[in-house]
Amino acid sequence: MGITNEDDIQELVDDKIKDAEQIVNEKYPFIPIKREKRRYTTRQLIEQFFRDGFIDRYSGKKLINPGMLRTMSTKIPTAFPYQSNWKTDACHIAYWDYYPTLDHVFPISLGGKDTPENWVTTSMAYNSAKSNFTLEDLGLSLKDKGNIKDWDGLSYLFIKIVEKDRSLLNIRVIKEWYVVTKEIIGKFDMFL
């Protein structure tokens, strides 16, 4: 499969457009990738992050609770700036490296299911790089889940900071991550 054979491309040089089109259609057909909007609740995200132990399942790297990252940006905005579109000239690169997100192991665009069985935790950087490719396409494999008792993504410290400074709950996104994190920690019989 592919279009790297010079003889096949020669059809274009010879202006045999129909022949070139047929060769491409046979050897490397265009299959449009359907993009679907996917929305997950904060609860679904945090549950997945806890199930995976706040480990990037593509790299094995530890990730940090999103609420903690936003709290850091609120408390030390100059040293740890946040920008809503994550522009690298205005937002700390740690958001790309440590912010957990959900990815579909087998891409939805290729027929994968939008179900928890197909979800894994990964960083925004790896999610962006993986895009609509399969693990096999990229030569990657899934890393083992982490143990939430060994690494909780700084979730407990996040709760502790917010409970010490309740004014943080005036920030909608921090409050949302806090409420769900506290509930899920209790569900996992962790610290409370």
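Read from the N terminus, the elements of the protein follow the order α-α-α-α-α-β-β-α-α-α-α, which amounts to 9 helices and 2 strands. The model is a predicted one, and the points below concern its overall burial and contacts, its largest nonpolar core, the packing of helix 8, and two residues with positive phi.

**Overall burial, contacts and surface**

- The protein has 192 residues, and 40% of them count as buried.
- Among contacts in the protein with a separation of 6 or more, 65% are made by residues that stand 24 or more positions apart.
- The exposed surface of the protein comes to about 11,800 Å², of which carbon and sulfur atoms supply 52%.

**The largest nonpolar core**

- This core holds 31 residues, and those that touch the most other members are Ile 46, Phe 50, Tyr 95, Phe 158, Val 162 and Trp 177.
- At least two residues of the core are supplied by each of helix 3, helix 4, helix 5 (94–98), helix 8 and helix 9, with helix 9 giving the most, at 7 residues.

**Helix 8 and its packing**

- Helix 8 spans residues 155–164, and its buried residues are Ser 155, Phe 158, Ile 159 and Val 162.
- Viewed down the axis of helix 8, these buried residues fall within an arc of 95°, and they therefore line one face of the helix.
- The partners against which the buried residues of helix 8 pack are helix 3 (42–51), helix 4 (66–75) and helix 9 (172–187).
- Val 162, which is one of the buried residues of helix 8 and also one of the core residues that touch the most other members, is in contact with Thr 71, Leu 168, Leu 169, Ile 174 and Tyr 178 when residues up to four places away in sequence are not counted.

**Loop residues with positive phi**

- Most residues other than glycine have a negative phi, and the two residues described next have positive values.
- Phe 54, in the loop between helix 3 and helix 4, has a positive phi of about 50° although it is not a glycine.
- Phe 54 is also buried, because its relative accessible area is 0%, whereas the cut-off for burial is under 20%.
- Leu 154, in the loop between helix 7 (135–138) and helix 8, is likewise a residue other than glycine with a positive phi, in this case near 65°.

How values were computed
Residues numbered from 1 in each chain as written. Predicted model: local features only at pLDDT ≥ 70, side-chain atom pairs only at ≥ 80, totals over all residues. Heavy atoms only, no water. Buried < 20%, exposed > 50% of the residue type's maximum accessible area, 1.4 Å probe, protein only. Helix = DSSP H or I, 4+ residues; strand = E, 2+ residues; numbered from the N terminus. Arc of directions from axis to C-beta. Contact = heavy atoms within 4.5 Å. Core = buried A, V, L, I, M, F, W, Y, C linked by side-chain atoms within 4.5 Å. Areas by Shrake-Rupley, 256 points an atom, 1.4 Å probe, with all protein chains shown as cover.
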